[in-house]
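Trainee: I am new to this structure and would love a close look at a single part, the open sheet. Could you walk me through the sheet and its surroundings?

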Amino acid sequence: MNNKRIYLSLSQESGFEQEYIQSALKSNWITSGGPHVNEFEEVLQNYFEKKSYITALNSGTSAIHLALILLGIKEGDEVICQSMTFSASANPILYQNAIPVFVDSEIDTWNICPEQLDIAIKDRIRKGKKPKAIIAVHLYGMPYKVAEVHAISEKYKIPVIEDSAEALGSSYKGKKCGSFGTFGIISFNGNKIITTSSGGALIANSIETKEEVIFYATQSKDNAVHYQHSKIGYNYRMSNICAGIGLGQMKILEENINLRRKNHFFYKEIFKGIKNVELFDNLNEDFFSNYWLNTIVLKTKKSRENLRLAFDEANIESRPLWKPMHLQPLFENYPYYGLKISEKLFENGLCLPSGSNLTNEDKIRIRGVVDNFFKND
C-alpha cells in the first residue's frame with residue numbers, strides 16, 4: 001500500500017495559475033501591486049456580494065496589523081483577543097506595543113465567549129482601561145457567535161477586527177464571514193482553503209479606508225514628486241505574481257469548499273457510534289463552516305495523544321488544537337478572562353487531515369487507523 005505522508009492541509013493546483021504567472025512575467029509586472037493584484041481584489045469584492053473594499057497584502061498577519069493601525073491602536077492601549085487561536089491573531093497587538101487581553105472560548109463554536117467578553121470589558125473599564133478593539137476569530141472555519149459578539153461591540157462602542165483567516169467560504173445566517181467587522185481579515189497561506197503561496201487581504205467598509213490601507217502597505221509615501229514620508233510605512237502589498245496564483249485559485253474556491261465539507265461528512269461517518277469522540281460540527285443552521293480543518297475532542301489527553309501517535313506511525317499528520325494564547329510563554333503574563341474551556345479543548349482536541357485533495361486511498365488509510373484504534377472501545 002502507498003505509504004506517502006498524508007498532511008493536514010495541502011494546497012491544490014487549479015490548473016489556471018500558470019497562465020497568470022506567465023502573463024505577469026511577460027509584462028514584467030513581477031513586483032508588488034500590478035494588474036493581477038487589482039483584478040484579484042475585484043474578484044474578491046464580487047465574491048463578498050456587498051460593499052467590501054479589499055486590499056491584497058502579503059499575509060493575514062499584515063492585515064491584522066494594518067487594521068490595528070487604522071483603528072489608532074498605540075502603545076499602552078488594550079486590545080481584546082480570542083485566546084484560542086494561532087499566534088498571528090495576537091502578535092500584531094505587540095507590534096503596536098499595545099496590551100492583549102485574552103478571552104476564553106465558549107463550548108458551542110470554540111470561539112470567543114460572549115459572556116466572558118462582556119465580563120472582560122466591564123472589568124477593564126472598571127480598571128480605567130477601556131479596550132480599543134476586539135479581535136474575534138472564526139476558528140477552523142467555524143463562525144463565532146456573530147449576533148452576540150457584535151451586540152456587545154455595539155453596546156460598548158468597541159470595533160471588531162474579524163479574523164477570517166481560516167473562514168473564507170464560511171457564513172453566518174447566509175452572510176459571508178469577513179464582512180461583519182469594522183475590518184475583516186483573510187489569509188491565503190499555503191495551508192488555507194485557497195492560496196496565493198503567501199498572502200492575505202484586509203476587508204474595509206469604504207474606498208477611503210482602502211486607500212489608507214494601500215498608503216500604509218506601500219511605505220506610506222506622501223503625495224510628492226520625490227520620496228517623502230511623514231508616517232511609518234510597511235512593505236505589505238501583495239505581489240503581482242502571487243495575485244495571479246490567487247486568480248487561478250479563485251476558480252476552484254467553491255469546489256474546494258465542497259470537498260472540505262465532504263471530508264467532514266466522511267469523518268462524521270467513521271466516528272459515528274464511537275462514544276468517546278466528539279466531532280466539531282455546526283451548532284445549528286445559522287452556522288455554515290467551510291470545515292477548513294476537521295477536529296475532534298477525545299475523552300482524555302492520553303487518548304488524544306495515543307491517537308495522534310497512531311496516526312503518525314501510519315505516516316498521517318494530525319495535530320493538537322491551537323494552544324491558547326494565555327498559556328503561551330510570550331503571553332502568559334497578560335490579562336485573561338475565562339473558565340478554562342479553551343484549555344480543556346487544547347488538552348483533548350485533535351486536528352485531522354482535511355485537505356481538498358484527500359484521495360479515496362488516503363481516506364481508507366485514515367479509516368483503518370481509526371477502526372484499529374477504537375476496535376475495543
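Mentor: Happily! Let us start from the outside: the protein has an accessible surface of about 16500 Å², and 50% of that belongs to carbon and sulfur atoms. Accessible areas here come from the Shrake-Rupley method with a 1.4 Å probe, and for residues only the protein chains shown count as cover.

A word on what you are looking at. This is a predicted model, in which local features need pLDDT of at least 70 and side-chain atom pairs count only at pLDDT 80 or more, while totals for chains, interfaces and linings use all residues. Residues are numbered from 1 along each chain as its sequence is written, and side-chain values use heavy atoms, leaving out hydrogens and water.

The protein has 12 helices and 15 strands; these are DSSP runs numbered from the N terminus, helices being H or I of at least four residues and strands E of at least two.

Now to the sheet. Eight strands form it, and it is open, with mixed pairing and the order β1-β9-β8-β5-β4-β2-β3-β14. Two strands count as paired if DSSP finds at least two bridges between them. At the edges stand β1 (53–57) and β14 (336–337), each with a single partner strand, so one side of each has no neighbour in the sheet. In general, strands of a sheet pair through backbone hydrogen bonds, either parallel or antiparallel.

For one pairing in detail, find β2 (residues 78–82) and β4 (residues 133–137), which run parallel and are joined over three bridges. Within this pair, V79 stands opposite A133 in β4. Helix α3 (residues 60–70) packs on the sheet, where it touches β1, β2, β4, β5 (160–163), β8 (183–187) and β9 (200–204); contact means heavy atoms within 4.5 Å. The direction of α3 makes about 165 degrees with that of β8. Such axes are lines fitted to C-alpha atoms, for helices over the stretch in contact, and angles run from 0 to 180 degrees between N-to-C directions.

Just before β3 there is a detail worth finding. N97 lies in the loop between α4 (91–95) and β3 (99–103), and its phi is near 55 degrees, a positive value in a residue other than glycine.

Finally, step back to the whole protein. Of the contacts with a separation of 6 or more, 73% are between residues 24 or more positions apart. Buried residues, those under 20% relative accessible area, make up 56% of the 377 residues.

How values were computed: Buried < 20%, exposed > 50% of the residue type's maximum accessible area, 1.4 Å probe, protein only.
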